[in-house]
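Subject: Structure for your review

Dear colleague,

Please find the structure below, followed by a short account of what was found in it. I would be grateful if you could read the account with the structure open.

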Amino acid sequence: MTVKERWVELADIKDELAARDWFPGTSGNLAIRVSDDPLTFLVTASGRDKRKRTDEDFVLVDATGQLIGEQTGKPSAETLLHVEIFNKTNATCSLHVHTVDNNVISELYAANGHVTFAGQEIIKALGYWEETASVQIPIIENHADIPTLARAFAPHVTSDAGAVLIRNHGITVWGETPAAAKRYLEAYEFLFSYSLKLRALGVHS
Ligand SMILES: CSC[C@@H](O)[C@@H](O)C(=O)COP(=O)(O)O
Ligand SMILES: [Zn+2]
């Protein structure tokens, strides 16, 4: 796929996530693999309003997250997390969003280091089809220093699909295809929202 095709693919996903209001206060960043040899990927430019669609929304970076050639714009402050994913797996897309639900879940379960969900039909969207399937999402501390955050994140990047909650910060989800990454993100946010609504009703699952 060309850079242009990948750009449009990521811009379309960005628009969909924006329609869900998942980019409050310029938060969030997205990335899509463009080539494997050498590894290059598009990542959202830092600090921009991700609800808007412009020609400056993404920059092309190399395997270390550095800008390639002459480009204006700065790669996302959290590019190193996407670097981990694209270097260690065959994932093609990585999505990071801050939502109230993912922040509250990350705080509620931080002491456990993970949160587990089971008994939900939506788990099938994550690729688990057994009735007894459960899904566990690791929770890491939110280090302000991004290389430190990336080091805490790295051990959880073990397959082409995955997710990590960063405490009181957000979630990063990646997948084999851009559509899969988006599907996983939607499924996780559904699980978070369901779980918090149940708690609000006084039911602790
Ligand atoms: C304004 S939200 C905090 C940011 O530091 C960060 O967490 C984020 O998700 C967006 O940063 P960005 O550099 O635009 O990719
Ligand atoms: Zn963030």
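**The two annotated histidines**

With a relative accessibility of 22%, H98 counts as partly exposed. This residue sits in the loop that runs between strand 4 and helix 3 (100–108). Leaving aside residues up to four places away in sequence, H98 touches W22, P24, S27, G28, N103, H169 and G170.

Please note that this is a predicted model. The average pLDDT of the chain is 97, and 100% of the residues score at least 70. The ipTM is 0.97 and the pTM is 0.97.

H98 is of interest together with H96, since the "binding site" annotation in UniProt, from an unreviewed entry, covers H96 and H98. H96 belongs to strand 4 (residues 93–97). Is H96 buried or exposed? Its relative accessibility is 0%, under the 20% cut-off, and therefore H96 counts as buried. The side chains of H96 and H98 are joined by a polar contact of 3.1 Å.

Residues up to four places away in sequence again being set aside, H96 touches F23, G28, N29, L30, E78, I166, H169, G170, I171 and T172. G28, H169 and G170 appear among the contacts of H96 and also among those of H98.

**The ligand**

Which residues are closest to ligand 1? The ligand is surrounded by 14 residues, and the closest are S46, G47, K50, S76 and E78. E78 is also one of the residues that H96 touches.

Three pairs of polar atoms may be inspected here. In the side chain of S76, an N or O atom is 2.6 Å from an oxygen atom of ligand 1. For G47, a polar backbone atom lies 2.7 Å from an oxygen atom of the ligand. In the side chain of N29, an N or O atom is 3.0 Å from an oxygen atom of ligand 1. On its own, ligand 1 has 410 Å² of accessible area, of which the protein covers 74%. N29 also appears among the contacts of H96.

**Backbone features**

Most peptide bonds are trans, and most residues other than glycine have a negative phi. Against that background, three places in the backbone deserve attention.

The peptide bond from D37 to P38 is cis, and its omega is near 5°. P38 is located in the loop between strand 1 (29–36) and strand 2 (39–44).

T26, a residue other than glycine, has a positive phi, near 70°. T26 lies in the loop between helix 1 (3–19) and strand 1. Its relative accessible area is 34%, so T26 is partly exposed.

N168 likewise has a positive phi, near 50°, and is not a glycine. The loop between strand 7 (162–166) and strand 8 (170–175) holds N168. With a relative accessible area of 43%, N168 is partly exposed.

**An arginine in helix 1**

Finally, I would draw your attention to R6, which is part of helix 1. The relative accessible area of R6 is 10%, so this arginine is buried. Which residues does R6 touch, not counting those up to four places away in sequence? The list comprises M1, I32, R33, V34, L42, T92 and P178.

Yours sincerely,

A colleague

Key: Residues are numbered from 1 along each chain as its sequence is written. Chains are lettered from A and ligands numbered from 1 in the order in which they are written. This is a predicted model: local features need pLDDT of at least 70, side-chain atom pairs count only at pLDDT 80 or more; totals for chains, interfaces and linings use all residues. Side-chain values use heavy atoms; hydrogens and water are left out. pLDDT is the predictor's confidence in each residue, from 0 to 100. UniProt positions are given in the numbering used here, feature names are shortened, and annotations may be inferred rather than shown by experiment. Helices (H or I, at least four residues) and strands (E, at least two) are DSSP runs, numbered from the N terminus. Buried means under 20% relative accessible area, exposed over 50%, partly exposed in between (1.4 Å probe, protein chains only). Contact means heavy atoms within 4.5 Å. A polar contact is a pair of N or O atoms within 3.5 Å; within protein, one must be able to donate a hydrogen and the other to accept it, and residues adjacent in sequence count only if both atoms are side-chain atoms. A residue is near a molecule or strand if one of its heavy atoms lies within 4 Å of it. Accessible areas come from the Shrake-Rupley method with a 1.4 Å probe; for residues, only the protein chains shown count as cover.
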